[in-house]
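Please work through the exercises below with the sequence and the model side by side, and try each task before you read its solution.

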Amino acid sequence: MSIMLIRSVIIYFFVILAVRVMGKRQVGELKPQELVITILISAVATIPLEETSIPLMNSLLPIFIFIALEILDSALSMKSLRFRNLVQGKPIFIIKDGGLRQKELRRLRFTVDDLIDALRQKDVFDISMVQNAIVETNGTLTVQKKAKFSPVTPFMLSLKTDEVSLPIPVVMDGKPIGEYFGKE
């Protein structure tokens with residue numbers, strides 16, 4: 001029983017470290033290769049918990065390799081546009097300059113109902129209000145409304161505004177947070 005406890009703690013911290021190294025994203029924001037790596041890490045991490053006769057390193061080493069591959073993928077993606085487009089794909093316009101692009105919808109296997117649903121989630125209830133809509137590489141939809149339907153901003157009205165600073169918590173759990181006061 002104590003071996004299982006020790007293995008669980010080691011795997012827990014190793015997987016947390018792996019996720020931290022890969023970067024902070026929500027599950028819905030994961031790129032396809034990040035999702036695959038996450039699933040693989042989950043699957044490999046459970047093996048030594050289910051089968052205690054398998055050495056722990058038989059799980060930790062593949063997880064380390066997955067992390068290394070993810071870091072290599074990220075580094076290559078930052079350096080090479082061609083590699084990034086190959087691995088991550090490109091954003092695709094499904095509405096461009098107010099016109100629906102049926103060919104791109106078919107290519108993405110996206111129905112008009114899917115599009116309408118995604119637009120409603122962006123608070124757009126009339127497709128004629130959309131100037132551009134792009135399916136991003138992580139599958140989310142980005143929408144640019146036509147200028148006449150965009151909200152008015154102080155800049156558009158030539159109004160002077162003061163910059164607003166970011167609120168910072170100075171007390172947390174009943175204790176002052178020293179780092180915000182220059183004290184550690």
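The exercises that follow concern a predicted model, and each task is followed by a solution in steps.

**Exercise 1. Determine how helix H2 and helix H3 are arranged relative to one another, and which residues bring them into contact.**

Solution. Two packed helices are described by the angle between their axes and the distance between the axes. For H2, which covers residues 32-50, and H3, the axes come within 9 Å and cross at roughly 170 degrees. Angles over 145 degrees count as roughly antiparallel, and therefore H2 is roughly antiparallel to H3. The next step is to list the residues that meet: H2 contributes Gln33, Glu34, Ile37, Leu40, Ile41, Val44, Ala45, Ile47 and Pro48, while H3 contributes Ser59, Pro62, Ile63, Phe66, Glu70 and Asp73. Sorted by class, the contact of H2 with H3 has 10 nonpolar, two polar and three charged residues.

**Exercise 2. Describe the crossing of helix H3 with helix H4, and then place serine 77 in it.**

Solution. Begin with the geometry: the axes of H3 (residues 57-79) and H4 (residues 81-88) come within 5 Å, and they cross at roughly 130 degrees. That angle makes H3 oblique to H4, and the crossing of the two helices is left-handed. On the H3 side the contact is made by Asp73, Leu76, Ser77, Met78 and Lys79, and on the H4 side by Leu81, Phe83, Arg84, Val87 and Gln88. These residues divide into five nonpolar, two polar and three charged. Now turn to serine 77, which has its place in helix H3. With a relative accessible area of 4%, serine 77 is buried, and, when neighbours within four places in sequence are left aside, serine 77 is in contact with Phe83, Arg84 and Gln88.

**Exercise 3. Find the residues that make up the largest nonpolar core, and name the elements that each supply at least two of them.**

Solution. The largest nonpolar core has 12 residues in all, namely Ile94, Ile95, Leu105, Leu115, Ala118, Leu119, Val124, Met129, Val130, Ala133, Val135 and Leu141. At least two residues of this core come from each of strand S1 (92-96), helix H6 (112-121) and strand S3 (130-135). To look at one member in detail, take leucine 141: beyond its neighbours within four places in sequence, leucine 141 is in contact with Ile94, Leu115, Ala118, Leu119, Lys122, Ala133, Ile134 and Val135. Apart from this core lies another, of 11 residues, and among them are Ala18, Ile41, Val44 and Ile63.

**Exercise 4. For arginine 109 and serine 158, decide where each residue is placed and whether it is buried or exposed.**

Solution. Most residues other than glycine have a negative phi. Arginine 109, however, has a positive phi of about 55 degrees although it is not a glycine. Its place is in the loop between helix H5 (102-107) and H6, and at 72% relative accessibility arginine 109 counts as exposed. Serine 158 also has a positive phi of about 55 degrees without being a glycine, and it is placed in the loop between strand S4 (141-145) and strand S5 (171-172). Serine 158 is exposed, with a relative accessible area of 65%.

**Exercise 5. Work out the surroundings of methionine 4.**

Solution. Methionine 4 is found in helix H1, residues 2-22, and at 25% relative accessibility methionine 4 counts as partly exposed. With neighbours within four places in sequence left aside, methionine 4 is in contact with Leu49 and Thr52.

How values were computed:
Residues numbered from 1 in each chain as written. Predicted model: local features only at pLDDT ≥ 70, side-chain atom pairs only at ≥ 80, totals over all residues. Heavy atoms only, no water. Axes fitted to C-alpha atoms, helices over the stretch in contact; angles between N-to-C directions. Helix = DSSP H or I, 4+ residues; strand = E, 2+ residues; numbered from the N terminus. Parallel < 35°, antiparallel > 145°, perpendicular 65-115°, else oblique. Left-handed = near helix turned anticlockwise from the far one by under 90°. Contact = heavy atoms within 4.5 Å. Nonpolar A, V, L, I, M, F, W, Y, C, P; charged D, E, K, R; others polar. Core = buried A, V, L, I, M, F, W, Y, C linked by side-chain atoms within 4.5 Å. Buried < 20%, exposed > 50% of the residue type's maximum accessible area, 1.4 Å probe, protein only.
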